[in-house]
Amino acid sequence: MTQKVAVLGTGKIGEALLSGMIGSGWAPADLLVTARRRERADELRARHGVTPVTNAEAAKTADTLILTVKPQDMGTLLEELAPHVPADRLIISGAAGIPTAFFEERLAPGTPVVRVMTNTPALVDEAMSVISAGTHATADHLTHTEEIFGAVGKTLRVPESQQDACTALSGSGPAYFFYLVEAMTDAGILLGLPRDKAHDLIVQSAIGAAKMLRDSGEHPVRLRENVTSPAGTTINAIRELENHGVRAALIAALEAARDRSRELASGTKD
């Protein structure tokens with residue numbers, strides 16, 4: 001892997017990406033980073049052996065630029081980069097809600113742009129990264145992006161029109177599971193368990209259930225039915241979930257997340 005890759009605005013996700021890439025075979029000498037604070041840049045150099053540079057130096061030197069700054073900072077970053085980015089550079093955006101057209105309008109004509117929505121499990125190499133091509137991105141660009149983000153989990157290609165739905169499902173998805181674990185832990189306490197024991201029971205159950213979903217190939221309905229005995233404890237619990245409209249609430253929540261992603265893409269911030 002001889003191409004130089006630069007991660008711009010290297011926060012937690014950007015650092016997880018660096019770590020995963022190095023673990024997958026990228027040489028630290030081929031990885032460049034930028035950070036707002038000098039102390040952060042020095043920390044990344046010490047921890048991973050990568051080279052801190054300015055945004056302009058990254059644009060001039062790297063073959064691939066991964067932009068991981070916050071969405072509200074992306075316009076300012078592109079203004080800084082535009083004079084220095086040749087049209088043959090691959091731009092990978094990790095900013096939620098910003099379409100590839102936003103970058104194509106601000107960079108040299110023909111610049112290839114790939115949009116990626118990853119999620120926080122990248123921190124433990126279990127990310128779900130959804131990849132979409134801009135107007136000028138080729139199959140090779142998508143493959144290269146998959147190689148990068150495959151270092152921290154699984155990747156999936158979708159048309160850009162589906163990115164808002166993917167943001168609602170997997171981009172925000174970990175928060176829903178954390179919310180559910182929080183609620184179940186409180187329920188365990190109500191049922192008389194210490195918090196630490198309730199937490200351990202739920203987390204291990206979640207890990208086991210996720211592995212069964214991933215590895216068994218069974219439909220989730222079939223897996224649920226295998227746990228649900230006639231007139232047993234599980235069916236009584238599920239009846240209460242249905243009585244309280246949990247399924248409908250989840251659907252409504254995901255629609256709200258998708259709609260907010262669309263608002264951000266259109267520039268509606270309030």
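1. In this predicted model, strands β2 and β3 run parallel to each other and are paired over two bridges. Within that pairing, leucine 32 of β2 faces threonine 51 of β3, and the two strands, taken together with helix α2 (residues 38–48), make up a right-handed β-α-β unit.

2. The sheet to which these strands belong is an open one of eight strands, with mixed pairing, and its order reads β3-β2-β1-β4-β5-β6-β7-β8. Because β3 (51–52) and β8 (153–157) stand at the edges and have a single partner strand each, one side of each is left without a neighbour in the sheet. As general background, strands in a sheet pair through backbone hydrogen bonds, in either a parallel or an antiparallel sense.

3. Strand β1 (residues 5–8) is joined on one hand to β2, with which it runs parallel over four bridges, and on the other to β4 (residues 64–67), again in the parallel sense and again over four bridges. Leucine 8 is a convenient residue at which to inspect both pairings, since it stands opposite threonine 34 in β2 and also opposite leucine 67 in β4. Valine 5, for its part, stands opposite leucine 31 in β2. The connection from β1 to β2 passes through helix α1 (residues 12–23), and the three elements make a right-handed β-α-β unit.

4. Are the two faces of β1 covered or open? Both are covered, with Val5 and Val7 buried on one side and Ala6 and Leu8 buried on the other. Strand β2 (residues 31–34) can be read in a similar manner: Leu31 and Val33 point one way, Leu32 and Thr34 point the other way, and all of these residues are buried. The general rule behind such a reading is that side chains in a regular strand alternate between the two faces of the sheet.

5. Helix α2 carries several of the charged contacts that a colleague may wish to inspect, out of the 19 salt bridges found in a search of the whole structure. The side chains of arginine 38 and aspartate 42 meet at 3.3 Å, N to O, and both residues lie in helix α2, four residues apart, or about one turn of the helix. Arginine 38 is exposed, at a relative accessible area of 52%, whereas aspartate 42, at 34%, counts as partly exposed.

6. A further set of contacts in helix α2 centres on glutamate 43, which meets arginine 40 in a salt bridge of 2.6 Å, N to O, and arginine 47 in another of 3.8 Å, N to O. Why are both partners about one helical turn away from glutamate 43? Arginine 40 and glutamate 43 are about one turn apart because three residues separate their positions in the helix, and arginine 47 and glutamate 43 are about one turn apart because their positions differ by four residues. Salt bridges that share partners join Glu15, Arg40, Glu43 and Arg47 into one network. The exposure of these residues deserves a careful look: arginine 40 counts as buried because its relative accessible area is 12%, under the 20% limit for that class, while glutamate 43 is partly exposed at 34% and arginine 47 is partly exposed at 47%.

7. Away from these charged contacts, Ile13, Leu123 and Val124 make a nonpolar surface patch of about 260 Å². Valine 124 lies in the loop between β6 (113–117) and β7 (127–133), and it counts as exposed because its relative accessibility is 59%, over the 50% limit for that class.

8. Two domain annotations, both taken from an unreviewed UniProt entry, can be set beside the model. The record places "Pyrroline-5-carboxylate reductase catalytic N-terminal" at residues 4–97, a span that is 40% helix and 19% strand, with end C-alpha atoms 27 Å apart. It also places "Pyrroline-5-carboxylate reductase dimerisation" at residues 160–264, where the span is 83% helix and 0% strand and the end C-alpha atoms lie 15 Å apart.

9. For the protein as a whole, there are twelve helices and eight strands, and the C-alpha atoms fill a box of roughly 70 × 40 × 35 Å along the principal axes. Buried residues make up 36% of the 270 residues in the protein.

How values were computed: Residues are numbered from 1 along each chain as its sequence is written. This is a predicted model: local features need pLDDT of at least 70, side-chain atom pairs count only at pLDDT 80 or more; totals for chains, interfaces and linings use all residues. Side-chain values use heavy atoms; hydrogens and water are left out. Patches are made of residues with over 30% relative accessible area and no salt bridge: like charges are joined within 9 Å, nonpolar side chains (Val, Leu, Ile, Met, Phe, Trp, Tyr) within 5 Å. Accessible areas come from the Shrake-Rupley method with a 1.4 Å probe; for residues, only the protein chains shown count as cover. A salt bridge is a side-chain nitrogen of Lys or Arg within 4 Å of a carboxyl oxygen of Asp or Glu. Buried means under 20% relative accessible area, exposed over 50%, partly exposed in between (1.4 Å probe, protein chains only). UniProt positions are given in the numbering used here, feature names are shortened, and annotations may be inferred rather than shown by experiment. Two strands pair if DSSP finds at least two bridges between them. A crossover is right-handed if, with the strands pointing away from the viewer, the path from the first strand over the helix to the second runs clockwise.
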